[in-house]
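I opened my notebook to look up a few things in this structure. Here is what I wrote down as I went.

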Amino acid sequence: MRVYNINNLYGWLLALPAFVLLGVFTYYPTVATFINSLYSNETIIRPKHFVGLDNYRFLINDPIFLTTLKNTAIFAFGTVPISIALSLIMALLVHSKIPARGLVRLSYFTPTILPMVAAANIWLFFYSPQIGLINKVIEYFGFNGINWLGNSHTVLASLMVMTIWKEAGFFMIFYLAALQSLPKELLEAAKIEGATKWQSFWKVTFPLITPTTFFIMINALLNAFKLVDHLFILTKGGPDNASNLLLYYIYEVAFSFFDFAYASTLTVVLISMLVVLSLLYFTIIEKKVHYK
Amino acid sequence: MFKNIKKVAISTITLACLFGATATLAKTELTMYYPVAVGGPLTKIVDSMVSDFEKVNPNISVNAIYAGNYNDARIKSLAALKSGKPAQLAVMFSIDVYDLIEQNAIVSFSDIAKTKKDKKWLHSFYPALMENGTTLGKIWGVPFQRSTIVMYYNKDMFAQAGLDPNKPPKTWEELAYDAKKLTTKNRWGIMIPSTGYPYWMFQALAKQNGEVLMDKDGKKTFFNKKSVVNALQYWFDLSHKYAAMPKGTIEWGTLRQNFLDGKTAIMWHSTGNLTAVKKAANFNFGVAMLPAMKMRGTPTGGGNFYIFKNSTEKEKEASLKLIKFMTSPKRSAQWSIKTGYIGISPAAYKTEALKRYVKEFPPAKVARDQLKFATAELSTYQTGRVRKLLNDAIQAALTGKKTPKAALDDAQKRATILLKDYQ
Amino acid sequence: MKIHITKYLKILFAWSLAIIWALPILYAFWAAFHTSDFVTHFNLFAPLTLENFKIAASQAPFLRYMLNTIILVVIIIIGQLIICTLGAYAFARFDFYGKKVAFFLVLLQLMIVPEILIIQNYKTLVNLGLTDTILGIGLPYMASAFGIFLLRQNFKMIPKELDDAARIEGCSLMCILWKVYIPLSKPTYLAYILVSISYHWNNFLWPLVVSNSQDVRPLTVGLAIFGAPESGVQWSIISAATLISVAPLLVAFLIFQKQFVNSFMHTGIK
């Protein structure tokens, strides 16, 4: 039963501009990408035609795709827990009364203000095997330097370290906000009951900041999928795809190889993963966590 | 997509005809995309050449857009074309030719150069530099900033290690021996970069072992011929067997700085670095041709001028004028001196400026002298993907993930599948 | 005694971490203000120089890039303020058909950001003729799910009595929005603006794809192109270029630290 009243109309009108833009740049492209993945490319020889699941067959057999999938997963599962843990530690440190607290907080947070490409430029130098700082320090202590970005075993880890450096401060802020808004009575009650600092953290503080933890987790996961800026500067996905990530591969296939059909297919995979993530996140949020 | 280009082309030409009378008086506007492919204030040089051209051609105005490196330049100018923005000509990678033909983006110089004078100009360049731009019996790209790989070496370090600084290694054996001797705790003997353009370096090694990596039509690759595999093995051996080169991949971007900082005694790099190295080196350095195995060899490199199809007749004429200007012996000499890129025609080396420069600074003619051992840069249909296959294979071998044979067999197999439809 | 040791250990750890964290940026400053010989030799009394900045500035139009970035961020924020305010108002105060589904669809954009759909969005821009324009870079971001969500939260918390009071005085719906809701949400707006500025100043992939010419190119893309020439990079110059690119935001951040940090905190509390 449709209720035609002014309320309805006004509501839709107000939301319309947003929905037009969302439609053009989010919903339509999503559907179009799905559809395009079922077609071939347009070339001089043949116009665009329906190929069904051919692109997907190619996808499953594409070793580079499988590698990017693996790398993206490693990247996500590597950076997310460590970022969360580190940002929590940072927040706890800054929250407590240590001297030069402001400076410490500044130091943790500043990497966030930099664009990823700037951070990558700086770290490219750090990781440079012969003239870079890290190896210089290592060699000073008598060990052999490592080819951080040029060795398939260390390249992904090196990228993850840089990413965590950049992101931990950002997440720290959210934990800080949560810590500062904790009701003091609860902590005092725990103290009275003789809980140690450790116990009161795990039993009182940590559960109370769970919504923040979830919020950070979902953000960190999203970043793991969409942040590929550093690849442009540092490795371009090499050596031999050891640091190739899905979105970067999509960019390459679309804009270097001009294979839009296959790029659409790859994007479908990416979208699907993100949709699954969204659904997981929102169902958990609905169930476990209370919004104010 | 093509309907769009056709529409734009038709309407542009129609408009041009309608305003025929005034068109001859109106200014022709050209947009040129170019990659600044060397470190240094090259934008200024391009800009000054362009403004010199505009002075002599008051009814042509040129908007030169710096688009980044070769990859960026190709992506950007093709993107501009696809979206209907103006682009009449560009300097792009010499090896983009097949992609550009397939995208129906460029016209052939053979078709545009109609007068006798123009035809003479078209054939005035070094033949080795025309290889990459010629296919289907026509010329599609005209050289502008071209290079070969050369071997830069630190003469002071040679002397320190007891080697003759005026006798750089001439063969693979000598190179391995010298590089090993030059390696100390504080520096490496040699660095050959394997990020950025590893296939380019690899082409040199393959040619030195007597092989080319693709056929003249861009339809076949020869990645796993025996001598090619051996070339990759030699590259691997330099770091693993002779311990004269760092293991893993060597970063293209920091190579020049490594050389200037004394981290390596020898580096293989583009001759386009010559002027930058000359300015910054605080040691004696030399430049030599790459060593030989069965023969000397190097790929050519760099960018050619291309004219886009989607432009008016007048614009094409104006573009041709600009290109003839920029590739004239005098300008080519100027460009070569300022950058280290090769003078693109014998006539360029006969100009006073370049004659004098080469006399004062002999390294400047190494690249030119090497032209007789040069081969076309890797270029095929689906060139981006084929190139990536080879790059990945090289990196896999150098990082020890696959043996040279396994890596190249794999690359050859995949490349053949990719090129199947073009046979 | 034990308590003191843990306390000092904690302080030591916090400071060490802070120093390690600051090292990369401090190093960039070092490299930018010294000539390339001192890039790897840390002689504290090495002469300072502005040469790197001069060279970097002459090799690429960083000032123009900066202007482009400023224009880009300004139009995005203006667009976001208008569109997200209207959208949040709709979701907070109106009941309309399909509201729940609509809101869920909005939330979807939190995950499916424009860069994910980069290919199709690029094609759309081509069809709209907006490639290589600053507007083209900004358009997909103007309907920000994050903004709508944040403002809706805030609007919901404004007591309805204020609504009614304004209506009695003869205010129309838009007038209520302007006189009641927006003024009372100033902290949230400030927070959102600061977060949005940081995000879009530093955005890279989408601007890379959309911009071609240097009249449109923002700082991030300019920096990336600058640092990727065929023949290699020189650290001191790259560091200088990097500093030029991050300077405006960094300076703004250092001056308005408290506001920035509070903004980010504010948006996280939800």
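**Ground rules**

I started with burial: a residue is buried if 20 or more other C-beta atoms lie within 10 Å of its own, exposed if 12 or fewer, and partly exposed in between, with C-beta atoms placed from the backbone. I also noted that helices (H or I, at least four residues) and strands (E, at least two) are DSSP runs, numbered from the N terminus. The model is predicted, and in it local features need pLDDT of at least 70, side-chain atom pairs count only at pLDDT 80 or more, and totals for chains, interfaces and linings use all residues. Residues are numbered from 1 along each chain as its sequence is written, while chains are lettered from A and ligands numbered from 1 in the order in which they are written.

**Entry 1: a strand in chain B**

I picked strand S7 of chain B, residues 142-154. Is S7(B) enclosed or open? I found that 13 of the 13 residues of S7(B) are buried, so the rest of the structure largely encloses this strand.

Next I looked up its partners, using the rule that two strands pair if DSSP finds at least two bridges between them. S7(B) runs antiparallel to strand S11 (residues 298-308) of chain B, and six bridges join them. There, Ser147(B) has Gly301(B) as its bridge partner. Strand S9 (residues 264-270) of chain B is also antiparallel to S7(B), with five bridges, and Tyr152(B) is matched with Met267(B) in S9(B). With S10(B), S7(B) has four bridges, again antiparallel. On that side, Tyr152(B) stands opposite Val287(B), and Asn154(B) stands opposite Phe285(B).

I then checked S10(B), residues 285-288, by itself. In a regular strand the side chains alternate between the two faces of the sheet. In S10(B), Phe285(B) and Val287(B) point to one face and are buried, whereas Gly286(B) and Ala288(B) point to the other and are not.

**Entry 2: two helices in chain B**

Two packed helices are described by the angle between their axes and the distance between the axes. I looked up helix H11 (residues 198-208) and helix H12 (residues 226-240) of chain B, which pack at about 120 degrees with their axes 8 Å apart. Here axes are lines fitted to C-alpha atoms, for helices over the stretch in contact, and angles run from 0 to 180 degrees between N-to-C directions.

Which residues meet? Phe202(B), Leu205(B) and Ala206(B) come from H11(B), and Val228(B), Ala231(B), Leu232(B), Tyr234(B) and Trp235(B) come from H12(B). Contact means that the C-beta atoms of two residues, placed from the backbone, lie within 7 Å. By class I got eight nonpolar, no polar and no charged residues. The classes: Ala, Val, Leu, Ile, Met, Phe, Trp, Tyr, Cys and Pro count as nonpolar, Asp, Glu, Lys and Arg as charged, and the others, Gly among them, as polar.

**Entry 3: domains**

Domain bounds come from an automatic or database domain assignment. I saw chain B divided into domain 1 (2-146 + 301-374) and domain 2 (147-300 + 377-422). Their C-alpha centres lie 29 Å apart. The contact takes 33 residues from domain 1 of chain B and 29 residues from domain 2 of chain B. Among the elements giving two or more residues to the domain 1 side are S7 and S11 of chain B.

Chain C has domain 1 (2-49) and domain 2 (56-269), with C-alpha centres 33 Å apart. Eight residues of domain 1 of chain C and seven residues of domain 2 of chain C make the contact.

**Entry 4: chain C against chain A**

How many residues of chain C are in contact with chain A? I read off 67 residues of chain C and 70 residues of chain A. H1(C) gives the most to the chain C side, with eleven residues. That side has 50 nonpolar, 14 polar and three charged residues.

From chain A I chose Ile122(A), in helix H5 (residues 116-127). Ile122(A) counts as buried because it has 27 C-beta neighbours inside 10 Å. Leaving aside neighbours within four places in sequence, Ile122(A) is in contact with Pro24(C), Tyr27(C), Ala28(C) and Thr242(C).

Last, I checked Tyr56(A), found in helix H2 (residues 54-60) of chain A. Tyr56(A) has 16 C-beta neighbours inside 10 Å, so I put it down as partly exposed.
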